[in-house]
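Please open the model in your viewer and keep the selection panel at hand. The stops below say what to select next and what is to be found there.

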Amino acid sequence: MRVDHDPEALGAGAFYRLLTAVVVPRPIAWVSTLAADGTANLAPHSFFTVACTDPPIVQFTSVGRKDSLRNVEATGEFVVNFAPEKLLGQINVTATDFPAHEGEFDAVGIEQEASLRVRPPRVADSPVALECRLHSTVVVGDCTLVLGEVVHAAVHEGVVVDGRPDIRRLRPLSRLGGNEWGTVGEIHDLARIAYRDRPPS
């Protein structure tokens, strides 16, 4: 038997908790930005995906008006740093609501490195960094979708196998429901089936 849930009856907070428990796993964009005064901000965003392939555009969502969003609007640049399992503790701490003038890199003790094409720094220990320039933003209710064109990708050679990043070496984190985080479990390697090769029904 199913239990019915009416978003209006539940209210936004309760329905948000339901949604984030069933839209899982969610990859994490660990977004670094620079404030107008030069403060380096770093925060995880779990509403994150590829938005376009040509040009290459990625998208993260700011729930409310967070520092990441304000900084991107002010400077037009950001970096999506890959969120690996080994950095779970640091990633979680950067979700703290630090005041805007206090940069997470310094507050948490995260080593940064210079980006190649944009001004915000990269996380030195992250195996992949996508340097982005703002393409556009879209306001949807209480959220803002931030779309950025990837102008450079920096990938550590240690996670590359046969010419592409390997999931077993990347060890990505994901967000689940509540306070739950996901790691890589069993991996299934299954090719798509062409229409002409589909098995009979």
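Begin by selecting strand 1 together with strand 13 (residues 174-175) in this predicted model: the two run antiparallel and are joined by two bridges. Within this pair, Pro27 is the residue that stands opposite Ser174 of strand 13. Add strand 14 to the selection, and an open sheet of three strands appears, in the order 1-13-14 and with antiparallel pairing. Strand 1 (26-27) and strand 14 (181-182) are its edges, and because each has a single partner strand, one side of each is left without a neighbour in the sheet.

Keep Pro27 highlighted and add Ile28, Phe48, Phe82 and Pro172, which are the residues nearest the centre of the second largest pocket, out of the 20 that line it. The volume of this pocket is about 460 Å³. Strand 4 (48-52), strand 6 (77-81) and strand 9 (128-140) each give two or more residues to its lining, with the largest share, three residues, coming from strand 4. What is the make-up of this lining by class? It holds 16 nonpolar and four polar residues, and no charged residues.

For the largest pocket, select Pro44, His45, Lys66, Ala95 and Arg175, the closest to its centre among the 28 residues of the lining. The space in this pocket comes to about 700 Å³. Helix 2 (12-22), strand 3 (40-45), strand 5 (57-63) and helix 3 (67-75) each contribute at least two lining residues, and strand 3 has the largest share, with four. By class, the lining of the largest pocket consists of ten nonpolar, eleven polar and seven charged residues.

From the lining of the largest pocket, move on to strand 5 as a whole. Six of its seven residues are buried, so strand 5 is largely enclosed by the rest of the structure. Show strand 4 beside it, and the two are seen to pair in the antiparallel sense over four bridges, while a hairpin of four residues joins strand 4 to strand 5. Then show strand 10, which also runs antiparallel to strand 5 and is joined to it by seven bridges. Gln59 is a useful residue to label here: it is the bridge partner of Thr49, and it also stands opposite Leu147 in strand 10.

While strand 10 (143-155) is displayed, pick out Thr144, which lies in this strand. Is Thr144 buried or exposed? Its relative accessible area is 6%, and because buried means under 20%, Thr144 counts as buried. Leaving aside neighbours within four places in sequence, Thr144 is in contact with Phe60, Thr61, Ser62, Leu69, Thr137, Val138 and Val139.

One of those contacts, Leu69, leads to helix 3, where Asp67, Ser68, Leu69, Asn71 and Val72 are buried. The elements that cover the buried residues of helix 3 include strand 2 (29-34), strand 3, strand 5, strand 6, strand 9 and strand 10. Directly after the helix comes Gly76, which has a positive phi, near 80 degrees.

The next selection is the largest nonpolar core. Of its 17 residues, those that touch the most other members are Val58, Phe60, Phe78, Val80 and Leu130. Strand 2, strand 5, helix 3, strand 6, strand 9 and strand 10 each supply at least two residues of this core, and the largest share, three residues, is that of strand 9. Centre the view on Leu130, which, not counting residues up to four places away in sequence, touches Val58, Phe78, Val79, Val80, Val150, His152 and Ala153. A second, separate core can then be coloured: it has twelve residues, among them Ala40, Phe105, Val123 and Leu173.

Finish at Asn81 in strand 6, which counts as buried at 0% relative accessibility. Its contacts, again without residues up to four places away in sequence, are Ile28, Ala29, Trp30, Val31, Ser32, Leu42, Arg122, Val123, Ser126, Val128 and Ala129. For a last distance in the viewer, take Asn81 and Asp197, which are 116 residues apart in sequence and 39 Å apart in space, C-alpha to C-alpha.

Methods:
Residues numbered from 1 in each chain as written. Predicted model: local features only at pLDDT ≥ 70, side-chain atom pairs only at ≥ 80, totals over all residues. Heavy atoms only, no water. Pairing = 2+ DSSP bridges. 1 Å grid on protein atoms, 1.4 Å probe; cavity = no way out; pocket = protein on both sides within 12 Å on 5 of 7 lines; lining within 4 Å. Points joined across faces, edges and corners; volume = space filled by probe spheres on them. Nonpolar A, V, L, I, M, F, W, Y, C, P; charged D, E, K, R; others polar. Buried < 20%, exposed > 50% of the residue type's maximum accessible area, 1.4 Å probe, protein only. Contact = heavy atoms within 4.5 Å. Core = buried A, V, L, I, M, F, W, Y, C linked by side-chain atoms within 4.5 Å.
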